[in-house]
Amino acid sequence: MSWLPTLITKTPEEGYELAIKLSRMAVKKTQPDDAARGRMRPDYSNNADSLTMASHVVATNFQTVAQANDYWRG
């Protein structure tokens, strides 16, 4: 089964959670080594620029999910 069977969600909040998952999966697929991601986490988790960029990626993915859901206007 696909980890991403659909972009359709019931609510904007579910859509935002999906946007976060999309963002996290992109990192996991780019760097599949769990240990390597763990070693890097202290560097980016304490860096304002890195956190701002992570927020930007989530926002971009949320735009995609929102469009797929016709902005929840039906």
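Q: Which residue caps the N-terminal end of H3?
A: This is a predicted model, in which local features need pLDDT of at least 70, side-chain atom pairs count only at pLDDT 80 or more, and totals for chains, interfaces and linings use all residues. Residues are numbered from 1 along each chain as its sequence is written, and side-chain values use heavy atoms, with hydrogens and water left out. A side-chain oxygen lies 2.8 Å from the backbone nitrogen of Asp49, a polar contact (N or O atoms within 3.5 Å, one able to donate a hydrogen and the other to accept it; residues adjacent in sequence count only if both atoms are side-chain atoms). The capping residue is Asn47.

Q: How far apart are the end C-alpha atoms of H3?
A: H3 covers 48–68; helices are DSSP runs (H or I, at least four residues), numbered from the N terminus. The expected span is 1.5 Å times one less than the number of residues. For the 21 residues of H3 that gives 30 Å, which agrees with the end C-alpha distance of 30 Å.

Q: Why do the buried residues Val58, Asn61, Val65 and Ala66 lie on the same side of H3?
A: Val58, Asn61, Val65 and Ala66 are buried (under 20% relative accessible area, 1.4 Å probe, protein chains only; exposed is over 50%, partly exposed in between). An α-helix has 3.6 residues a turn, so residues three or four places apart point the same way. The arc is taken from the directions from the helix axis to the C-beta atoms. Here the four buried residues cover only 145°.

Q: Which helix do the buried residues of H3 pack against?
A: The other side of H3 carries exposed residues, among them Asp49, Met53 and Gln67. The buried residues are in contact (heavy atoms within 4.5 Å) with another helix. That helix is H1 (12–30).

Q: What is the phi of Trp72?
A: Most residues other than glycine have a negative phi. After H3, Asp70 has a positive phi near 50°, and Tyr71 has one of about 55°. Tyr71 is partly exposed at 42% relative accessibility, as is Trp72 at 23%. The phi of Trp72 is near 60°.

Q: Which helix supplies the largest share of the lining of the largest pocket?
A: The largest pocket has a volume of about 640 Å³. Of its 19 lining residues, the closest to its centre include Ser23, Arg24 and Tyr44. H1, H2 (34–45) and H3 each supply at least two residues of the lining. The largest share, seven residues, comes from H1.

Methods: 1 Å grid on protein atoms, 1.4 Å probe; cavity = no way out; pocket = protein on both sides within 12 Å on 5 of 7 lines; lining within 4 Å. Points joined across faces, edges and corners; volume = space filled by probe spheres on them.
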